[in-house]
Amino acid sequence: MFERFRGQLISLIRSVSDKELTEEQIEKEIHELGFILVQNDVALETAEHISERVKDEVIGTSVRRLGKAGPLLKETLKRVVYGIFEDTSRVDLIQSLDKAKDREEPFKILFIGNNGTGKTTTIAKMSKLVREKGHSIVLACSDTYRAGAIEQLEIHAERLGIRIIKHRYGADPAAVAYDAVEHARARGIDVVMIDTAGRQHTDYNLMKELNKIKRIIEPNLVILIVDSLTGNDALAQARDYLRFTDFQGVVLTKMDADAKGGAAISIVHQTKRPILFIGTGQGYDDLQAFDRAEFIETLIGS
């Protein structure tokens with residue numbers, strides 16, 4: 001995972017490993033760092049932020065006193081990127097579910113995102129994860145527009161042995177979500193996971209409908225699903241959704257494919273929302289909690 005990104009960073013670090021750089025040479029190497037970041041789906045604004053922070057710290061440190069430039073550049077880069085991830089709220093899903101269980105009120109999770117991001121599959125994966133942690137679940141198919149959406153969620157629910165609440169196509173998505181929440185309340189079910197129609201931020205009516213669902217069910221957690229393979233488009237989607245409706249966390253799908261890794265850094269930097277999980281395959285177990293330290297070590301090396 002992230003072989004190209006990691007390889008380019010390691011190559012840059014090695015190229016200066018045995019050097020004691022002047023300020024002019026540092027400027028040149030930092031420019032190359034920025035180029036590598038942008039090549040690997042780090043948005044320009046974020047790449048510039050990282051480059052400037054790294055440059056300021058490296059120039060502010062006596063390379064001659066602390067040793068060669070390579071290790072200094074590497075450790076500074078890791079520290080700056082880690083700082084981006086630290087500058088967000090932490091969301092521990094399972095811990096939140098455990099606390100909600102004591103209140104005897106269903107924990108409502110609303111999933112949003114564009115078509116094709118893997119939203120419904122991610123819901124199925126998360127359902128399995130949550131159930132294995134001891135929580136009962138009901139699914140709500142509030143995507144009443146896309147052909148096959150109800151059947152797709154039904155197949156996952158049947159395979160996993162989870163109840164699904166659905167209406168006919170064209171029905172009010174908010175009514176489906178409401179019925180699922182009432183079903184959970186009546187039967188003491190712990191978690192309601194609500195699938196919604198994929199939408200573009202330019203579709204005013206669908207965005208308005210999304211806010212109607214939120215107003216009616218008052219979700220405890222809104223999760224945005226984005227496709228990591230779309231690079232800077234993933235960031236654009238996150239920013240666009242944030243303009244219309246708030247969300248508390250992000251799931252990056254298809255990270256097992258040829259994802260470059262930069263989208264995760266850009267999304268966190270520019271939305272201040274944490275990455276909660278990453279999708280790493282098609283199986284129900286292919287969902288991993290996002291570990292910022294592990295991610296940075298994978299990118300930059302230990």
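Helices here are DSSP runs of H or I with at least four residues, numbered from the N terminus; with that in mind, select glycine 161, which comes just after helix α8 and takes a positive phi of about 70°. The model on the screen is a predicted one, and this tour goes from the whole chain to α8 and then to helix α12 and its surroundings.

**The whole chain**

Begin by showing the full chain, in which 13 helices and 8 strands make up the secondary structure. Turned along its principal axes, the set of C-alpha atoms fills a box of roughly 70 × 40 × 30 Å. If you colour by burial, 54% of the 302 residues count as buried, and if you draw a surface, the accessible area comes to about 13800 Å², with 46% of that area belonging to carbon and sulfur atoms. Among the contacts with a separation of 6 or more, 77% are accounted for by residues 24 or more positions apart. Colouring by charge brings up 42 positive and 46 negative side chains, and the centres of these two sets lie 2 Å apart.

**Helix α8**

Next, select residues 149-160, which form helix α8. At 1.5 Å a residue these 12 residues should span 16 Å, and the end C-alpha atoms are 17 Å apart, which agrees. Now show the side chains of Ala149, Ile150, Leu153, His156, Ala157 and Leu160, which are the buried residues of α8. They cover an arc of only 130° around the axis, so they sit on the same side of the helix. Rotate to the face turned away from that buried side, and you will come to the exposed residues Glu158 and Arg159. To see what covers the buried residues, add α7 (119-132), β2 (137-142), β3 (163-165) and β4 (191-196), which are included in that cover.

**Helix α12 and glutamine 270**

Move on to α12, residues 262-271, where glutamine 270 is found. This helix is mostly covered, with 10 of its 10 residues buried; the buried residues include Gly262, Ile265, Val268 and His269. Is glutamine 270 buried or exposed? Its relative accessibility is 18%, and because the cut-off for buried is under 20%, glutamine 270 counts as buried.

Keep glutamine 270 selected and look for what surrounds it: leaving aside residues up to four places away in sequence, it touches Ala43, Glu45, Thr46, Leu235 and Arg239. Drawing a distance from glutamine 270 to alanine 43 gives 9.3 Å from C-alpha to C-alpha, although the two are 227 residues apart in sequence.

**Two lysines with positive phi**

The last stop concerns backbone angles. Most residues other than glycine have a negative phi. Select lysine 254, in the loop between β6 (249-253) and α12, and you will find a phi near 60°, a positive value in a residue other than glycine. Lysine 254 counts as partly exposed, at 27% relative accessibility.

Then go to lysine 272, which comes just after α12 and is found in the loop between that helix and β7 (275-279). Here too the residue is not a glycine, and the phi of lysine 272 is near 60°, a positive value. Lysine 272 has a relative accessible area of 37%, which means that this residue is partly exposed.

Technical notes:
Residues are numbered from 1 along each chain as its sequence is written. This is a predicted model: local features need pLDDT of at least 70, side-chain atom pairs count only at pLDDT 80 or more; totals for chains, interfaces and linings use all residues. Side-chain values use heavy atoms; hydrogens and water are left out. Buried means under 20% relative accessible area, exposed over 50%, partly exposed in between (1.4 Å probe, protein chains only). Contact means heavy atoms within 4.5 Å. Accessible areas come from the Shrake-Rupley method with a 1.4 Å probe; for residues, only the protein chains shown count as cover. Lys and Arg count as positive and Asp and Glu as negative; His and the chain ends are not counted. The place of a charge is taken as NZ of Lys, CZ of Arg, CG of Asp or CD of Glu. The expected span of a helix is 1.5 Å times one less than its number of residues. The arc is that of the directions from the helix axis to the C-beta atoms.
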